[in-house]
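Have the viewer open and the sequence at hand. We will take a walk through this chain together, from the overall picture down to a single side chain.

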Amino acid sequence: MVWQVIVVIGGATSATDISREIAEVAKEVHISSRSTLSGTPKKLPGYENLWLHSVIEAVGIDGGVYFQDRSKVYADIILHCTGYKYHFPFLETNGIVTVDDNRVGPLYKHIFPPAFAPSLSFVGLPWKLLPFPRCELQSKWIAGVLSGRISLLSKADMIADIEAFYSSLEASHIPKRYTHNIEFQLDYEDWLAAECESPPPEEWRKQMYFITGEKIKTQPERYRDQWDDDDLIIQAHQDFVQYIPELAQVQTTY
């Protein structure tokens, strides 16, 4: 069955990529994003059948999708690209560790709940930026704490740090659901690396991430296919040679 009209809910990278893939074969694709202010639907560059809307106001039993921008389409399918919700049904802490509007807490540095540290820890909660190097650094820090090589702050000091962090988010008008969004905490991975006495994530990795983020905004129709970061690729290759000497024999041309 070929779907004709698709509505995609979500405004992040997954929604953008999936929408553009679908637009190659569907009659129409309509993206609903809460980051889009109410107004007329916006046709996205690079396609004649891809539109950006504000949030959905209602969906009728006939498949009619009503947007807050006062437009309406009849959808064959509605695809949710709305991210994930943290949920730990197996974890019983008598209400000490909770999930509130997708904030898992209270957690010191997104990892240790002060009441149970160091016996309970979380790896991989933060999102955005460099997930795999970050998870490795988190794991190293936890291992260092459990081995006694690294000392945690006192329970009171960890709580104070958490409260100060929550206050800073509130002062910056960052919603609670973005507590674990590392884009608002750019020094987090460097802090972890310092705690573990490990090298911080390479600068070329960070630059690749930020360049891609800007291209998504300014060149959404071709950001995945056309690049001008050859200098960063060369830096990456030079770094990889340190770990895999055989790569030094590879002739690389950009």
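The tour below starts with the whole chain, moves on to two sheets and a helix, and ends at one histidine.

Keep in mind that what you see is a predicted model. The chain has 254 residues, of which 37% count as buried. Its C-alpha atoms fill a box of roughly 60 × 60 × 35 Å along the principal axes. The secondary structure comes to six helices and ten strands. If you take the contacts with a separation of 6 or more, 50% of them are between residues 24 or more positions apart.

What does the surface of the chain look like in numbers? About 15300 Å² is exposed, and carbon and sulfur atoms supply 55% of that area. As for charge, there are 23 positive and 34 negative ones in the chain, and the mean positions of the two sets are 5 Å apart.

Now turn to the sheets. Strands of a sheet pair through backbone hydrogen bonds, either parallel or antiparallel. One sheet here is built from five strands in the order S3-S4-S2-S1-S8; it is open, and its pairing is mixed. Which strands stand at the edges? They are S3 (42-43) and S8 (77-80); each has a single partner strand, so one side of each is left without a neighbour in the sheet. Further in, S2 (residues 28-32) runs parallel to S4 (residues 50-53), and four bridges join the two. To find this pairing on screen, look for Ile31, whose bridge partner in S4 is Leu52.

A helix goes with this sheet. H1 (residues 13-23) lies across S1 (5-9), S2, S4 and S8, at about 165° to S2. Which residues of H1 are buried? They are Ala15, Thr16, Asp17, Ser19, Arg20, Ile22 and Ala23. An α-helix has 3.6 residues a turn, so residues three or four places apart point the same way. It is worth having that spacing in mind as you look down the helix. The buried residues of H1 pack against S1, S2, S4 and S8.

Next comes another sheet, with three strands in the order S5-S6-S7; it is open too, and its pairing is antiparallel. At its edges stand S5 (56-59) and S7 (72-74), each with a single partner strand, so one side of each has no neighbour in the sheet. On average, neighbouring strands of this sheet are turned by 20° against each other, direction ignored.

S5 and S6 pair over three bridges in the antiparallel sense, and they form a hairpin with four residues between them. In the turn of that hairpin you will find Gly63, with a positive phi of about 90°. On the other pairing, three bridges join S6 (residues 64-67) to S7. Tyr66 is a handy landmark: Ala58 has Tyr66 as its bridge partner in S6, while the bridge partner of Tyr66 in S7 is Lys72.

Finally, go back to S2 and pick out His30, which is found in that strand. Is His30 buried or exposed? Its relative accessibility is 4%, under the 20% cut-off, so His30 counts as buried. What surrounds His30, leaving aside its neighbours within four places in sequence? His30 is in contact with Val5, Ile6, Val7, Val8, Trp51, His53, Phe67 and Val73. Among these, Val5, Ile6, Val7 and Val8 fall in the range of S1 (5-9), Trp51 and His53 in that of S4 (residues 50-53), Phe67 in that of S6 (residues 64-67), and Val73 in that of S7 (72-74).

How values were computed. Residues numbered from 1 in each chain as written. Predicted model: local features only at pLDDT ≥ 70, side-chain atom pairs only at ≥ 80, totals over all residues. Heavy atoms only, no water. Pairing = 2+ DSSP bridges. Contact = heavy atoms within 4.5 Å. Axes fitted to C-alpha atoms, helices over the stretch in contact; angles between N-to-C directions. Buried < 20%, exposed > 50% of the residue type's maximum accessible area, 1.4 Å probe, protein only. Areas by Shrake-Rupley, 256 points an atom, 1.4 Å probe, with all protein chains shown as cover. Lys, Arg positive; Asp, Glu negative; His and termini not counted. Charge placed at Lys NZ, Arg CZ, Asp CG, Glu CD.
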